[in-house]
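Okay, thanks for coming, everybody. Let me put the structure up, and then I'll talk you through a couple of spots.

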Amino acid sequence: MDQISPDTADPNGLSADHNQLKYMPGFGNDFETEALPGALPQGMNSPQKCAYGLYGEQLSGTAFTAPSHQNERTWCYRIRPSVKHSGRYRKIDLPYWKSAPHVVDDVISLGQYRWDPVPHTEEKLTWLTGMRTMTTAGDVNTQVGMASHIYLVTQSMRDAYFYSADSELLIVPQEGRLRFCTELGVIDLEPKEIAILPRGLVYRVKVIEGPARGFVCENYGQKFELPGRGPIGANCMANRRDFKTPVAHFEDREAASTLTIKWCGQFHETKIGHSPLDVVAWHGNYAPVKYDLRNYCPIGAILFDHPDPSIFTVLTAPSGVPGTANIDFVLFRERWMVMEDTFRPPWYHKNIMSELMGNIYGQYDAKPQGFVPGGMSLHNMMLPHGPDNEAFEGASNADLKPNKLDKTMSFMFETRFPQHLTEFAAKEAPLQGDYIDCWDTLEKKFDGTPEGTWNK
Ligand SMILES: [Fe+2]
């Protein structure tokens, strides 16, 4: 049984002490949790009458007939069924939150792009009004591809709730602390953690410590899952037990409220007279989850050369093509570099996949300057990239002692689809006009001498 004392400063809220929040360990488990004793039916899903006068309702995250190892659904026992949250809808405009396909002609010339952190302004922004789409890829209507966003949040949602029918959201905070009060429980989130909010889950977002800024990957496709480890075996990388799903928590609250739905790239609002976060008990495997990136156990080269960066995959959202992700979420964190006779930074590269990176903190080894915490870069389909001149010269001439990359955490949203810039990304966000110059000073080294370090 979980009860959290009300926060008198916030009529919608819970206590600010997130140590009171409780989570269940595991990824994709079949969880069960109840906020009142006996609220969860045992041995069946649809009793003739549920305990406490609750309504039973299923939330299906996959088709009924999805293979059993992929099938995801959760049974909710709630004060009112969701249909009671659904009045007449009115289309509303959230002009900075875009969905694919969103190809703006001539928004900017083709290129490698990098941005400084999008700054906060005086404007009061919530989770909905503060979402700033940077790129879109694929097509929300056919449920392939993704969008990347920056969020700038200074204000809690009050008597306002939201869900996305289009997507699950992978949230990567960079600054500030947010509380996600969802139908299935409460998640507090701060930098170095991530969360996944499933498609269809209703929630509101409260600012615990602001201003808050971070990155969002909006996944239109199949859900994120843990990558197969192959010969690595049963341990390391992201381990299932380190993922945390909240216990049931409900609000029995009547107040004039709004519920906003993102549906096929549009936003619709309806009025309701109560909190829709009224699930008293639930069981199932379709639920929100958080993960502390400091628990990610990197695997890497221990003698010479590099594995591909896919070795750092935290989560993968498959496409229909085996081994070719709709999205990979990849983490570049603290680790030892021990490779002998090896150019240790990432190699020069052209890629059929499109790579959007963000810096959570510290310095990234391929770009010692210019890629700063809160900043982003985009190396799109088949556009070349790699270490800048400073990184190349440094790594080519370094004494190859074991060396720890310390105080560094960057990530990549990598997708099989090309990413298109929004007008915001091209014209309002702090795009670095001189990014391409970081490779300008790379010199011709070819001098007719055949020796490299490898054949001496
Ligand atoms: Fe790359």
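I'll go through two annotated residues and then a surface patch.

Keep in mind that this is a predicted model. So, the annotation: the UniProt entry, which is unreviewed, lists Tyr364 and His385 under "binding site". They span 22 residues in sequence, but their C-alpha atoms are no more than 14.2 Å apart, so the two gather at one spot.

Let's take the tyrosine. Tyr364 sits in the loop that runs between strand 21, residues 354-362, and strand 22. Is Tyr364 buried or exposed? Buried, because its relative accessible area is 9%, and the cut-off for buried is under 20%. What does Tyr364 touch, once you skip neighbours within four places in sequence? That would be Phe332, Pro346, Met357, Phe371, Thr408 and Ser410.

Now the histidine. His385 is in the loop between strand 22 and helix 1. His385 is buried too, with a relative accessible area of 9%. Again leaving out neighbours within four places, the contacts of His385 are Trp347, Tyr348, His349, Glu355, His379 and Trp439.

Okay, on to the surface. Met382 is also in the loop between strand 22, residues 376-379, and helix 1, residues 389-397. With a relative accessible area of 44%, Met382 counts as partly exposed. And Met382 has company: together with Ile352 and Met381, Met382 makes a nonpolar patch on the surface. The accessible area of those three adds up to about 290 Å².

That's my bit, happy to go back to any of it.

Notes:
Residues are numbered from 1 along each chain as its sequence is written. This is a predicted model: local features need pLDDT of at least 70, side-chain atom pairs count only at pLDDT 80 or more; totals for chains, interfaces and linings use all residues. Side-chain values use heavy atoms; hydrogens and water are left out. Patches are made of residues with over 30% relative accessible area and no salt bridge: like charges are joined within 9 Å, nonpolar side chains (Val, Leu, Ile, Met, Phe, Trp, Tyr) within 5 Å. Accessible areas come from the Shrake-Rupley method with a 1.4 Å probe; for residues, only the protein chains shown count as cover. A salt bridge is a side-chain nitrogen of Lys or Arg within 4 Å of a carboxyl oxygen of Asp or Glu. Helices (H or I, at least four residues) and strands (E, at least two) are DSSP runs, numbered from the N terminus. Buried means under 20% relative accessible area, exposed over 50%, partly exposed in between (1.4 Å probe, protein chains only). UniProt positions are given in the numbering used here, feature names are shortened, and annotations may be inferred rather than shown by experiment. Contact means heavy atoms within 4.5 Å.
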